[in-house]
Amino acid sequence: MKSKFVLAQLASVGDPAVNLEKARRAMAQAYEEHHPDVIVFPECFMSFYPLNTPLETVLSVSESLDGPFVTGLREEAKKYGMWVICGICETTGDPDDRRRYNAVVIINGEGELVGVYRKTHLYDAFGHKESDCNKPGDRFFEPIDTPFGKLGLFVCYEVRFPEVARYQRAKGADIIVMPTAWAAGKIKSRHFHTLINARAIENAVYLLACDQCNEASIGESVAVDPMGIPIACAGEGECLIAATIDTDRIAEVRRKVPSFESRRPDLYTV
């Protein structure tokens, strides 16, 4: 079975209304050019502020799941019959915690919210301190059945933790989507592609990483197949890239290299 995913490599700003309009334009263009089954937007696409933005400014922009940003995405998903995966800034609902969730929503082609994931491993590395403004989620994403295969998900920095991707595979994921805002810097591009390839190969899954492409992020969105072969990739600027996902390819690779089935969990605990 084949399906088409579009990765919308875009730069978002602090204002959710501006970014929602950008998402609408991207969905219209994707529909016109590719007729995708799924469109993926980057991490924090709803509102993105660069490093060293005052904390009060960052925290001033967040919404609930029934707020105008997610509601707008649901309307567009229904309009085009297109699944949408998008990074948002979600309120925690906790009056004693000023932070928000770095979250991802999954919306089906009927405009229904069918999944929410709150990033569990926060980017407190390379001089960043994501936990200053974001509250970590307390559970991994549970892969969901879709018309295109079983869909798993994690966010950005979490690709550095093999256990996160392994959990998705252990729960049956065929395709893992990774919204990201991969920070620019020395050797960061090399890390990005090495880690994505490794997670795809060791789990025999398609892995699709959709990145921000502003001054703080590298772009270079990529989709790799279960053998770690890139099937679609972007440069550093804004673009839409389409990737065809073939579930027969997943079965073929898993027969050829049954690494998941050949594990020896009696010898180790993760």
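Leaving aside its neighbours within four places in sequence, which residues is I196 in contact with? In this predicted model, the partners of I196 are V159, M178, L207, A209, V222 and V224. That list is a handy way into the interior of the structure, and the wider setting of I196 comes next.

I196 belongs to the largest nonpolar core, a set of 46 residues. Together with F5, I85 and M178, I196 is among the residues with the most contacts inside this core. M178 thus appears twice, as a contact of I196 and as one of the residues with the most contacts in the core. Strand β9, which spans residues 206-211, gives the most to the core, contributing five residues. A second core, separate from the one just described, has 28 residues, including A26, M46, Y80 and I107.

Attention can now turn from packed side chains to open space. The largest pocket holds about 650 Å³. Its lining is made up of 30 residues, and Y49, L51, H128, E130 and C133 are the closest to the centre. Two elements each give two or more residues to the lining: helix or strand, they are α2 (55-59) and β4 (100-107). By character, the lining of the largest pocket divides into 15 nonpolar residues, eight charged ones and seven polar ones.

The backbone has a couple of points worth pausing on. Most residues other than glycine have a negative phi. C44, although not a glycine, has a positive phi of about 55°. This cysteine sits in the loop between β2 (38-40) and α2, and C44 counts as buried because its relative accessibility is 11%, with the limit for buried being under 20%. E220 likewise has a positive phi without being a glycine, with a value near 60°. The place of E220 is the loop between β9 and β10 (222-224). At 21% relative accessibility, E220 counts as partly exposed.

The loop between β2 and α2 deserves one more visit, for S47 is found there as well. With a relative accessible area of 1%, S47 is buried. Setting aside residues up to four places away in sequence, S47 touches V13, G14, P16, N19, V61 and C89. The loop between β2 and α2 therefore holds two buried residues described here, C44 at 11% and S47 at 1%.

Definitions and conventions
Residues numbered from 1 in each chain as written. Predicted model: local features only at pLDDT ≥ 70, side-chain atom pairs only at ≥ 80, totals over all residues. Heavy atoms only, no water. Core = buried A, V, L, I, M, F, W, Y, C linked by side-chain atoms within 4.5 Å. Buried < 20%, exposed > 50% of the residue type's maximum accessible area, 1.4 Å probe, protein only. Helix = DSSP H or I, 4+ residues; strand = E, 2+ residues; numbered from the N terminus. Contact = heavy atoms within 4.5 Å. 1 Å grid on protein atoms, 1.4 Å probe; cavity = no way out; pocket = protein on both sides within 12 Å on 5 of 7 lines; lining within 4 Å. Points joined across faces, edges and corners; volume = space filled by probe spheres on them. Nonpolar A, V, L, I, M, F, W, Y, C, P; charged D, E, K, R; others polar.
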